[in-house]
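Biologist: Could you take a close look at one part of this model and then follow what lies around it? I would like a connected account that I can check against the coordinates on my screen.

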Amino acid sequence: MGSDLFGNEACLVRWIGQMVRRILAALVMSTGLSGAAMAGTVSGTIGNVKPAEMPEHSVLNVRLIDVSRQDVAAEVLSSKRYKVDTLPAEFALEYDDALIDDRMSYAIQAQILNKGTLLFTNTSVVPVLTRGASDTVDVEVFPILNDLSAGKWQAYEMQGDALDGPRLPEIEFAGEGRFGATGGCNRFMGAVEVEPELTGGKVSFPSEMAGTLMACPPDLDMQERAFLKTLAGIVAFDRSGEELSFTDEAGQIVLRMRLMR
């Protein structure tokens with residue numbers, strides 16, 4: 001009699017424990033489902049006026065942004081990066097429905113970068129999702145040409161040889177092709193002729209430049225002469241982020257520089 005009673009109580013305890021676990025599991029599942037974010041997708045194409053091939057290692061960065069307020073920076077709600085070889089290119093960007101307010105305005109921003117240098121971007125707002133806008137869009141991007149418009153650069157390699165010392169050659173571009181330069185002793189100034197392209201372009205330095213005529217120590221005099229001779233043979237440049245290289249007619253890199261400011 002006593003053993004049956006204890007046996008029945010044990011069964012009852014096990015049954016209650018099972019029921020409690022089932023109820024808790026159901027509650028957890030219900031809570032998870034009710035709190036789960038509903039995902040939406042904005043899709044479309046990124047293109048230029050005509051098809052274009054991108055330099056190697058180019059990356060397309062697409063962002064969904066909140067443009068409701070003009071007095072603050074746009075808030076990024078979602079972003080995605082793609083390897084891109086040609087334009088047009090397709091994209092699909094997921095976002096959290098809970099972040100979208102029908103009273104607000106949203107847009108797609110697209111940029112194509114190559115090693116940190118901006119190549120293409122859209123220049124007008126591309127609305128999506130609210131206020132009658134669709135979730136499928138075609139975004140037109142435009143090239144950002146590199147025209148050596150500004151920046152001060154210091155040489156660290158010339159004619160294949162590393163440069164080291166307290167007074168290295170420098171070039172500072174000031175816009176409209178104007179520049180100032182030093183070989184480490186005297187200073188020169190003039191204007192370059194530039195035909196910009198996506199990551200670089202054609203460039204030629206003037207054969208004659210205004211400058212100072214100080215007497216220089218032998219080592220700096222030799223460096224300066226080599227620098228001026230190198231400038232005279234440059235026909236093209238290529239910029240990658242904070243790196244700038246110049247090439248001669250044979251396509252050989254003859255001068256490498258780093259951005260100072």
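Modeller: I would start at Cys185, which counts as buried because its relative accessibility is 9%, where buried means under 20% relative accessible area, exposed over 50% and partly exposed in between (1.4 Å probe, protein chains only). Residues are numbered from 1 along each chain as its sequence is written, and side-chain values use heavy atoms, with hydrogens and water left out. The model is a predicted one, in which local features need pLDDT of at least 70 and side-chain atom pairs count only at pLDDT 80 or more, while totals for chains, interfaces and linings use all residues.

The partner of Cys185 is Cys216, and the two are joined by a disulfide with an S to S distance of 2.1 Å (the rule asks for a pair of cysteine sulfur atoms within 2.5 Å). By this rule the count comes to one disulfide. The bond brings together distant parts of the chain, since Cys185 belongs to the loop between strand E15 (178-182) and strand E16 (187-191), whereas Cys216 belongs to the loop between E19 and H2, 31 residues apart; helices (H or I, at least four residues) and strands (E, at least two) are DSSP runs numbered from the N terminus. Cys216 is buried as well, with a relative accessible area of 18%. Turning to the geometry of the bond, the torsion about the S-S bond of Cys185 and Cys216 is about -95 degrees, so the disulfide is left-handed.

From the sulfur atoms I would move on to the aromatic rings, where the count comes to three aromatic pairs. In one of these, Phe173 and Phe179 make a tilted pair, at 6.5 Å centre to centre and with 50 degrees between the planes (rings of Phe, Tyr and Trp, the last by its six-membered ring, pair if their centres lie within 6.5 Å; planes under 30 degrees apart are stacked, over 60 edge-to-face and the rest tilted). Phe173 and Phe179 are both buried. In another pair, Phe205 and Phe246 have ring centres 5.9 Å apart and planes at 65 degrees, so this pair is edge-to-face. Because Phe205 lies in the loop between strand E18 (200-204) and E19, while Phe246 is part of strand E21 (residues 243-247), the pair ties together parts that are 41 residues apart in sequence. Burial applies here too, for both Phe205 and Phe246. Ring pairs link Phe173, Phe179, Phe205 and Phe246 into a cluster.

Some backbone details elsewhere may also repay a look on your screen. Most residues other than glycine have a negative phi, and most peptide bonds are trans. Against that background, the peptide bond joining Leu87 and Pro88 is cis, with omega about 5 degrees, and Pro88 sits in the loop between strand E5 (86-87) and strand E6 (89-96). His57, although not a glycine, has a positive phi of about 75 degrees, and this residue lies in the loop between strand E2 (52-53) and strand E3 (58-66). Leu129, which is not a glycine either, likewise has a positive phi of about 75 degrees; Leu129 is found in the loop between strand E9 (127-128) and strand E10 (136-140).
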